[in-house]
Number of protein chains: 2
Amino acid sequence: MTVRPRRFGELTPPPRLLFGTGPTNPDPRVLRALGLPLLGQFDPAFAEIMNEVSDLCRFVFRTENARAFPVSGTSRAGLEAGLCSLLEPGDRVVVGVAGRFGELLAEISARCGAGVTPVPTEWGRVIDPDAFGAAVRRARPKVVALVHGDTSTGILQPLPDLVRIAHEHGAVVLVDAVLTVGGTELEVDRWALDVCVGGTQKCLGCPPGMAPITYTPEVERLILGRRRPPQSNYLDLAQIEAYWGPDRLNHHTLPTSMTYGLREALRLIYEEGLEPRWARHRRAGAALHAGLEAMGLRLFGDPAHRLPMLAIVEVPEGISESGIRDALLRKHTIEIMGAFGALRGRAWRVGFMAYNAEVHNVLQFLAAFEDVLSEAGLRLPPRAGVEAAARVAG
Amino acid sequence: MTVRPRRFGELTPPPRLLFGTGPTNPDPRVLRALGLPLLGQFDPAFAEIMNEVSDLCRFVFRTENARAFPVSGTSRAGLEAGLCSLLEPGDRVVVGVAGRFGELLAEISARCGAGVTPVPTEWGRVIDPDAFGAAVRRARPKVVALVHGDTSTGILQPLPDLVRIAHEHGAVVLVDAVLTVGGTELEVDRWALDVCVGGTQKCLGCPPGMAPITYTPEVERLILGRRRPPQSNYLDLAQIEAYWGPDRLNHHTLPTSMTYGLREALRLIYEEGLEPRWARHRRAGAALHAGLEAMGLRLFGDPAHRLPMLAIVEVPEGISESGIRDALLRKHTIEIMGAFGALRGRAWRVGFMAYNAEVHNVLQFLAAFEDVLSEAGLRLPPRAGVEAAARVAG
């Protein structure tokens, strides 16, 4: 025996309100779908489910692309699938680096052997189109990689101008919409995004484990026409699309239960409609922002480009960042998150996404936040946050 | 609107007995665990679950390795994580290629830029230690990659002799135990396997979506000491182990629900015990093999090295391979699988794994198989299969 005899008890996750940047609490319907009996991957009934998931991916991405399906890994697997399937050693990439997830796109691209030109941008600001245009003109890249909404900075990057510049110089645009898909306006076809990657555990409201991706016929030609296959077999879109396509060529075994959960999460979005869902996220986010500001707290980043579904809250002088998170979790069963990089220890990240993007959750959070901040010694105007938020929400 | 208005109904997977080569029907306890409420990935309660999953991985692999955790992708993601984290361009690999999954190991290794020396072996036979030794002496590889149980051929590869030869020549041994872990004897420490990769959807009895892996401190040194990181960020074991280790360095977001399901599947194995579980698979498999032979059907491959949990059944003259599979599915809700490569259209693959490795399932299958084969015009001794299987099972 290699493990000391011990007891592995019944799995009983404690109750949690997941008000960080993901995973979020899924709708109970999604949790129920996860537990349904399995089908084999080549069962005709499962093939139909795969087709429905593809259709629903097209729906949330707003695209007519033939290629739309989830990659069988978490968000960064989807981003890597897009980049490693497109990039060959020596190719050039321009990456907008305005937060941690821009850094990730640059790192993945460099590992593919590409020459990476970052467009560095101060955290909390959007990418300057002039600096971006200059970088694209100089580098003449094959691929431009951009983050739509970066949870590390709380900033929503406007895309159409940057896409136009990239296209004027013949580059293919890959967009990280991991956070934004299903939560705020995202228009793959209208904005002419060439590759777009989403995540399941944020505004789609599904557990983590898959990453919806879509790409144009032009990108498909690039992927199928490369000189050598990418290093990865698992994340090779040429192979994955042949599995999702009508030929159903054997590749990996699709994660059955996750596919069920994703279908149900996407079906909920289809029933709600995209515009009403975006409005729901905007409403909850407006209440959150108003409430936090009424409490006298400072929100990080350019207010003109704030993400609607989350807030980066600066930690007031004399308050312990991790102490407040611990108190919220212990006393109120609420999870929020710390921050990355230069913001580590200096900011909290708070988000209301998918099933959780409701004003009542925002009010519950603000009341609890006021409680633990007050307990930690911060002087706050009593109930100012909750009242302002409720007022904004109407 | 990019999708024609259509209806996406309630998800209602039809009933299925999954008697192919995976996924198999999980124990209802595993399905229940999948639907439990989520925790954040850095929640102390989730960290404890991760530690338990690591301990349980050590238990099923029979190892004391510090590194034992699931990779967040299906089996081939685990295999690729092992290979791409070890191999640098120009490294040499010897791969035992005795079936489709040996071919896969060779393909993944080649994509990593390694020089691959295959040890080609006729399907249905085990690898010849002399031919293997000659290849290792000639190639002096950094890595030797072997498949323990290959579902394409039904053969169980004895490992200890090959491992000894590889070690005599200084190679690291990576073993694909995707099929075998939890279903038949597998001894990572006693057999001195350097890297071992399992799959969740076969003898572990969990849905597909993760791939348990373990490796020795020596392998860890190789992974951490390489000149350049591997192309893949998502499958870079150096990063993944830092996430699973005590520092919990942020990497991808762990698939929460799959982690719950895997924990429950492994907990079931811990409760049952490995030897009783292997015996259960042997008992069901012996009944299967006896029943099929009593029906006058021919099993593919060397009888001395047959996998205990499955059978490759040759299609009798005049019978349609796919026709029988369709009839089993339609009439009896039973899924079995076709075969790969030269066996395509010429064999069925039938397996009884994890929750399904029970004699009653074998009897149910044999009765249904007799029915559809008889209906297709094959003359069979009535009830011979069921009777022989029941007799063997005692």
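The buried residues of helix α4 in chain A are covered by elements that include α3, β3 (92-97), β4, β5 (143-147), β6 (149-150) and β8 (172-176) of chain A. This is a predicted model, and α4(A) serves here as the way into it. The buried residues in question are F101(A), G102(A), L104(A), L105(A), A106(A), I108(A), S109(A) and R111(A).

The length of α4(A) can be checked with simple arithmetic. At 1.5 Å a residue, its 12 residues should span 16 Å, and because the C-alpha atoms at its ends are 17 Å apart, the expected and modelled values agree. Just after the helix, G113(A) has a positive phi of about 85°.

Several of the strands that cover α4(A) also belong to a sheet. Chain A has an open sheet of seven strands, in the order β2-β10-β9-β8-β5-β3-β4, with mixed pairing. At its edges lie β2 (67-71) and β4 (115-120) of chain A, each of which pairs on one side only. On average, neighbouring strands of this sheet are turned by 15° against each other, direction ignored.

At the β2 edge, what is the sense of the pairing between β2(A) and β10 of chain A? The two strands pair in the antiparallel sense, over five bridges, with β10 made up of residues 211-215. Within this pairing, A68(A) has T214(A) in β10(A) as its bridge partner.

Helix α4(A) also takes part in the meeting of the two chains. In total, 69 residues of chain A are in contact with 69 residues of chain B. On the chain A side, the elements giving two or more residues are α1 (28-34), α2 (44-61), α3 (75-86), α4 (100-111) and α9 (256-272). Which of the elements gives the most? That is α9(A), with nine residues. Sorted by class, the chain A side consists of 32 nonpolar, 20 polar and 17 charged residues.

In chain B, strand β13 (residues 347-351) is mostly covered, with five of its five residues buried. In a regular strand, side chains alternate between the two faces of the sheet. Both faces of β13(B) are covered: A347(B), R349(B) and G351(B) are buried on one side, and W348(B) and V350(B) are buried on the other. Strand β11 (residues 310-314) of chain B runs antiparallel to β13(B) and is joined to it by five bridges. Opposite A347(B) of β13(B) stands E314(B).

Terms used:
Residues are numbered from 1 along each chain as its sequence is written. Chains are lettered from A and ligands numbered from 1 in the order in which they are written. This is a predicted model: local features need pLDDT of at least 70, side-chain atom pairs count only at pLDDT 80 or more; totals for chains, interfaces and linings use all residues. Two strands pair if DSSP finds at least two bridges between them. Helices (H or I, at least four residues) and strands (E, at least two) are DSSP runs, numbered from the N terminus. Axes are lines fitted to C-alpha atoms, for helices over the stretch in contact, and angles run from 0 to 180 degrees between N-to-C directions. Two residues are in contact if their C-beta atoms, placed from the backbone, lie within 7 Å. Ala, Val, Leu, Ile, Met, Phe, Trp, Tyr, Cys and Pro count as nonpolar, Asp, Glu, Lys and Arg as charged, and the others, Gly among them, as polar. A residue is buried if 20 or more other C-beta atoms lie within 10 Å of its own, exposed if 12 or fewer, and partly exposed in between; C-beta atoms are placed from the backbone. The expected span of a helix is 1.5 Å times one less than its number of residues.
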